[in-house]
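Colleague: I am new to this structure and should like to go through it with you. May I ask how each description is justified?

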Amino acid sequence: MDVYGLIGNPVGHSLSPPMHEAGYEALGLDAKYVTFEPPADEGAAAVEAADKLGVAGLNVTIPFKQDVLDAVDPDPLAARIGAVNTVDFSGETPRGYNTDAVGAVRALDHHGVELSGTAVVVGAGGAGRAVAFGLADEGMSVRIANRTASKAHALADEVPNATGHGLGDFDALLADADVLVNCTSVGMDEDETPVPKSALTPDLAVLDAVYSPIETRLLREAAAVGATTVDGAWMLLYQGVEAFELWTGEDAPVDPMNEALRSGL
Ligand code: ATR
C-alpha cells in the first residue's frame, strides 16, 4: 500500500483525504491518504521523517510551505515561488512542487478560459505569489493589486511581465483585463468583496481562491454582470489533481475527486 498525506497545523478540516481517496478508489489503487499535524517549527523535520518512513507523497499546507524548502529539491517553479505544497518521495531525494500555481491555471482552463492577455491578481500573500507566477508562466501579463501596495510592487519585480498596484483604481486595472483572481481572504468570513462591482465587466473570467463559502460576493456580482465565474473549489481540486498525477503517473479521475471534494464543502 502507498501512503500519501498532508502536513499542516491545523489540518483537521482538510478536504484532501476524501478527494484523494476518491481518486484511488476510482482507479483501483492500493493507497491511503492521511493527515499529520507536526509542531509549527518542524515542517522540514517532518518531511525528512516521512521520507525515512517510506511515505510516497506529501501535501504541505500552512504554516509549512516555505520551511519545507530546506528538506526538498524544489522544481524551478516552486523555487521561484518560494513555497512547496507537494513533495514526491519516489526519487533519490524528495522533490518539491507548487501545484497551487498550476491549480489556478487548470481551474481556468477547465472552464474554457483562454490564458492570454492580461490577468489581475488581487493579493500578494502566499496564494497571490503562486497564482501570479502560474499565470505569467502561461504568457499572461499580470497586474498584482494588494492592500499593502509595497508588497505588490516587490512581487511584481520578481514575476515576469508584471506590474504592482494598490487597491485604489480597479476601473483602470480591469477595463481591458481578461482574467481576475481573488487571492485575498476577503469574502471568507463576511459577505465582502475585494473588488467593487462597478469595475467588473462581462468580458472577464473571475476565479475566487476563497472556497468557503463556495459562492462569494465577488462571484455573485461577477455572474450578475455576465462574467465567467470559477469558484475556489476548482482551484483546490486542481492543485490536488496535479499532485495526484505527479505521484501516481496516472491521469487523475477528476469527476469523482470533484464530487468527493464538493460533498465535503
Ligand atoms: P494566503 O496564503 O492565503 O495568500 P496571506 O499570505 O496571509 O494568505 O495573504 C493574505 C492576503 O490577503 C494578502 O494579500 C493581504 O493583504 P496585505 O498584504 O495588505 O495584508 C490580503 N488581505 C487580507 N485581509 C484583507 C482585507 N481586509 N482587505 C484587503 N486585502 C486583505
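Modeller: Of the 265 residues in the protein, 52% are buried. The model is a predicted one.

Colleague: What makes a residue count as buried?

Modeller: A residue is called buried when its relative accessible area is under 20%. Q239 serves as an example: its relative accessible area is 9%, which is under 20%, so Q239 is buried.

Colleague: Where is Q239 placed, and which residues is it in contact with?

Modeller: Q239 belongs to helix α9, which covers residues 232-248. With neighbours within four places in sequence left aside, Q239 is in contact with M19, N59, N85, T99, D100 and G103.

Colleague: Why is N161 called exposed?

Modeller: The term exposed requires over 50% relative accessible area. N161 has 59% relative accessibility, and therefore N161 counts as exposed. Its place is the loop between α6 (149-158) and β9 (162-165).

Colleague: What is the phi of N161?

Modeller: Phi of N161 is near 55°, which is a positive value in a residue other than glycine.

Colleague: Why is H111 called partly exposed?

Modeller: Partly exposed is the term for values between the 20% and 50% limits. H111 has a relative accessible area of 28%, so H111 falls in between and is partly exposed. H111 is found in the loop between α4 (99-110) and β7 (118-122).

Colleague: How do you know that H111 touches residues distant in sequence, and which are they?

Modeller: Contact means heavy atoms within 4.5 Å. Residues up to four places away in sequence not being counted, H111 touches T229, V230 and W234. H111 and V230 are 119 residues apart in sequence, while their C-alpha atoms are 7.4 Å apart in space.

Colleague: How do the contacts of the whole protein divide by sequence separation?

Modeller: Among contacts between residues at least 6 apart in sequence, 62% join residues at least 24 apart.

Colleague: How do you know whether the radius of gyration agrees or disagrees with that of a compact globule?

Modeller: For 265 residues, a compact globule would have a radius of gyration near 18 Å; the protein has 18 Å, and therefore the two agree. The C-alpha trace spans about 55 × 35 × 30 Å along its principal axes.

Colleague: What is the count of helices and strands, and how much area is exposed?

Modeller: The protein has ten helices and twelve strands. About 11,400 Å² is exposed, and carbon and sulfur atoms supply 47% of it.

Colleague: What numbers of positive and negative side chains does the protein have?

Modeller: There are 14 positive and 41 negative side chains, and the centres of the two sets lie 5 Å apart.

Colleague: Which peptide bonds are cis?

Modeller: The bond from N9 to P10 is cis, with omega near 10°. P10 sits in the loop between β1 (2-7) and α1 (16-27). The bond from S212 to P213 is also cis, with omega near 10°. P213 sits in the loop between β11 (205-208) and α8 (217-224).

Colleague: Which domains does UniProt list?

Modeller: An unreviewed UniProt entry lists "domain: Shikimate dehydrogenase substrate binding N-terminal" at residues 6-87. The chain there is 35% helix and 20% strand, with its end C-alpha atoms 10 Å apart. UniProt also places "domain: SDH C-terminal" (unreviewed entry) at residues 232-262. That stretch is 84% helix and 0% strand, with its end C-alpha atoms 11 Å apart.

Methods:
Residues are numbered from 1 along each chain as its sequence is written. This is a predicted model: local features need pLDDT of at least 70, side-chain atom pairs count only at pLDDT 80 or more; totals for chains, interfaces and linings use all residues. Side-chain values use heavy atoms; hydrogens and water are left out. Helices (H or I, at least four residues) and strands (E, at least two) are DSSP runs, numbered from the N terminus. The radius of gyration is taken over C-alpha atoms; the globule rule is 2.2 Å times the number of residues to the power 0.38. Buried means under 20% relative accessible area, exposed over 50%, partly exposed in between (1.4 Å probe, protein chains only). Accessible areas come from the Shrake-Rupley method with a 1.4 Å probe; for residues, only the protein chains shown count as cover. Lys and Arg count as positive and Asp and Glu as negative; His and the chain ends are not counted. The place of a charge is taken as NZ of Lys, CZ of Arg, CG of Asp or CD of Glu. UniProt positions are given in the numbering used here, feature names are shortened, and annotations may be inferred rather than shown by experiment.
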